[in-house]
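This report describes the fold of one protein chain for a reader who has the sequence and the coordinates at hand. It moves from individual residues to the sheet and the helices around it.

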Amino acid sequence: MAALRRPLESLLASGRVQRANTLARRAPSNWGYAEVAGRFVEILGAARLTIAAGLVLDAQRCAETVAWVTAPGSIAFPPDLAACGIDLEALLFVRPDGEEQALHAIDELLRSGAFGLVIADGLPARAMGMAAQVRLSGAAQQCDAAFVVLRDSENGDGAGEGAGS
């Protein structure tokens with residue numbers, strides 16, 4: 001475990017990866033797309049869908065293209081997102097068959113440079129190891145895209161308890 005901690009600490013020190021609770025403490029009340037562009041952000045807890053919907057809405061207002069990658073544990077419900085004011089016609093939903101396909105899709109979306117915001121919803125924590133996090137955060141930084149992962153808890157599998165989370 002100590003061997004893994006050193007690379008993580010160096011990533012945190014470089015600013016390429018930040019702990020979600022650190023961002024939340026520093027987040028201004030108008031935290032939006034501009035604040036997360038070029039970063040890997042993990043949103044944990046009950047309000048993750050609300051925060052993600054706000055980011056999508058803000059990105060759409062900034063004329064950014066948005067993709068939402070949903071795994072079987074996804075809590076996104078498109079009619080609820082539309083009720084928040086999100087333009088579903090301008091939101092790409094990607095529904096891969098498994099974890100590997102989800103990671104490949106996220107990688108392709110970020111590296112294409114065509115998406116300003118990519119959300120990964122319902123992807124189990126075990127699927128996104130350190131190597132994948134480094135690769136995907138690098139792609140987000142290179143293309144100035146926001147990469148947001150939604151999880152129900154720090155060690156959670158990403159699955160939600162309800163669509164209203």
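## Loop residues with positive phi

Ala-63 counts as exposed, because its relative accessibility is 70%. The model is a predicted one, and in this model Ala-63 sits in the loop between H4 and E2, where it adopts a positive phi of about 65 degrees although it is not a glycine. Most residues other than glycine have a negative phi. Asp-144, which is likewise not a glycine, has a positive phi near 55 degrees, and its place is in the loop between H7 and E5. With a relative accessible area of 47%, Asp-144 is partly exposed.

The values for these two loop residues, together with those for a helix residue discussed further below, are set out here.

| Residue | Location | Relative accessibility | Class |
|---|---|---|---|
| Ala-63 | loop between H4 and E2 | 70% | exposed |
| Asp-144 | loop between H7 and E5 | 47% | partly exposed |
| Ile-51 | helix H4 | 32% | partly exposed |

## The chain as a whole

The secondary structure comprises 7 helices and 5 strands, which follow one another along the sequence in the pattern α-α-α-β-α-β-α-β-α-β-α-β. The chain has 165 residues, of which 44% count as buried. Among the contacts with a separation of 6 or more, 77% are between residues 24 or more positions apart.

## The sheet

Strands of a sheet pair through backbone hydrogen bonds, either parallel or antiparallel. Here, 5 strands form an open sheet in the order E1-E5-E4-E2-E3, and the pairing is parallel. The edges are strand E1 (40–44) and strand E3 (91–94), each of which pairs on one side only, and from one strand to the next the twist averages 20 degrees.

Strand E2 (residues 66–70) is joined to strand E4 (residues 117–121) by 5 bridges, and the two run parallel. Within this pairing, Val-69 stands opposite Ala-120 of E4, while Thr-70 has Asp-121 of E4 as its bridge partner. E2 also pairs with E3 in the parallel sense, over 4 bridges, and there the partner of Val-66 is Leu-91 in E3. E4, for its part, pairs with E5 in the parallel sense over 5 bridges, with Leu-150 in E5 as the bridge partner of Asp-121. Asp-121 thus appears in two pairings, with Thr-70 and with Leu-150.

How far are E2 and E4 covered? E2 is mostly covered, with 5 of its 5 residues buried, and E4 is also mostly covered, again with 5 of its 5 residues buried. In a regular strand the side chains alternate between the two faces of the sheet. In E2, Val-66, Trp-68 and Thr-70 point one way and Ala-67 and Val-69 the other way, and all are buried. In E4, Leu-117, Ile-119 and Asp-121 lie on one side, with Val-118 and Ala-120 on the other, and both faces are covered, all of these residues being buried.

## Helix H4 and Ile-51

Helix H4 (residues 48–61) lies across E1, E2, E3, E4 and strand E5 (146–151), and it runs at about 150 degrees to E2. Ile-51 belongs to this helix and is partly exposed, at 32% relative accessibility. Leaving aside residues up to four places away in sequence, Ile-51 touches Trp-31 and Ile-43. The C-alpha atoms of Ile-51 and Leu-150 are separated by 9.6 Å, although the two residues are 99 residues apart along the chain.

## The packing of H6 and H7

Two packed helices are described by the angle between their axes and the distance between the axes. For helix H6 (residues 99–112) and helix H7 (residues 130–142), the angle is about 20 degrees and the axes are 8 Å apart, which means that H6 is roughly parallel to H7. The crossing in which H6 passes H7 is left-handed.

On the H6 side, the contact is made by Leu-103, Ile-106, Asp-107, Leu-110 and Arg-111, and on the H7 side by Arg-135, Leu-136, Ala-139, Ala-140 and Gln-142. Sorted by class, the contact of H6 with H7 contains 6 nonpolar, 1 polar and 3 charged residues.

Key:
Residues numbered from 1 in each chain as written. Predicted model: local features only at pLDDT ≥ 70, side-chain atom pairs only at ≥ 80, totals over all residues. Heavy atoms only, no water. Axes fitted to C-alpha atoms, helices over the stretch in contact; angles between N-to-C directions. Parallel < 35°, antiparallel > 145°, perpendicular 65-115°, else oblique. Left-handed = near helix turned anticlockwise from the far one by under 90°. Contact = heavy atoms within 4.5 Å. Nonpolar A, V, L, I, M, F, W, Y, C, P; charged D, E, K, R; others polar. Pairing = 2+ DSSP bridges. Buried < 20%, exposed > 50% of the residue type's maximum accessible area, 1.4 Å probe, protein only.
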